[in-house]
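Could you have a look at this one with me? I've jotted down some points to read alongside the model.

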Amino acid sequence: MKITIESTNNIITLVVGGVDVPARIWQGETESGIPVHAFITRIAPEIPREDPRQEQFERELQETAGPRPTVVTIPLRMIL
């Protein structure tokens, strides 16, 4: 499966094994157009730290979209 996602400005807390973990909600869709959302706790580029594209990655990571109404209704705290 392939999905295309974009970062939203929503951050929630996932409780995983009793530990609070912040996660940003990303929204998008599958190749066939099915809406999805993902809870991303960490993301890292697969390039060396000295690569000049690191700065571009950091800038792009700060860009966020407004969440869809279905994403807005996700509770701010979820226990997994």
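**Notes on the fold**

1. Start with one rung of the ladder: Thr 4 has Glu 29, in E2, as its bridge partner. Keep in mind that this is a predicted model, where local features need pLDDT of at least 70, side-chain atom pairs count only at pLDDT 80 or more, and totals for chains, interfaces and linings use all residues. Numbering runs from 1 along each chain as its sequence is written, and side-chain values use heavy atoms, without hydrogens or water.

2. That rung belongs to an antiparallel pairing of E1 (residues 3-16) with E2 (residues 19-30), over eleven bridges. Strands here are DSSP runs of E, at least two residues, numbered from the N terminus; a pair needs at least two DSSP bridges. Two residues separate E1 and E2 in the hairpin, and Gly 17 in the turn has a positive phi of about 60 degrees.

3. E1 also pairs with E4 (residues 77-79), this time in the parallel sense over three bridges. Val 15 has Ile 79 as its bridge partner there.

4. Which residues make up the largest nonpolar core? Six do: Ile 12, Leu 14, Ala 23, Ile 25, Val 71 and Ile 74. E1 and E2 are the elements giving two or more residues to this core. A core here is a set of buried Ala, Val, Leu, Ile, Met, Phe, Trp, Tyr and Cys residues joined through side-chain atoms within 4.5 Å, with buried meaning under 20% relative accessible area (1.4 Å probe, protein chains only).

5. Ile 25 is worth clicking on: beyond its neighbours within four places in sequence, its contacts (heavy atoms within 4.5 Å) include His 37, Phe 39 and Val 71.

How values were computed. Helix = DSSP H or I, 4+ residues; strand = E, 2+ residues; numbered from the N terminus. Buried < 20%, exposed > 50% of the residue type's maximum accessible area, 1.4 Å probe, protein only.
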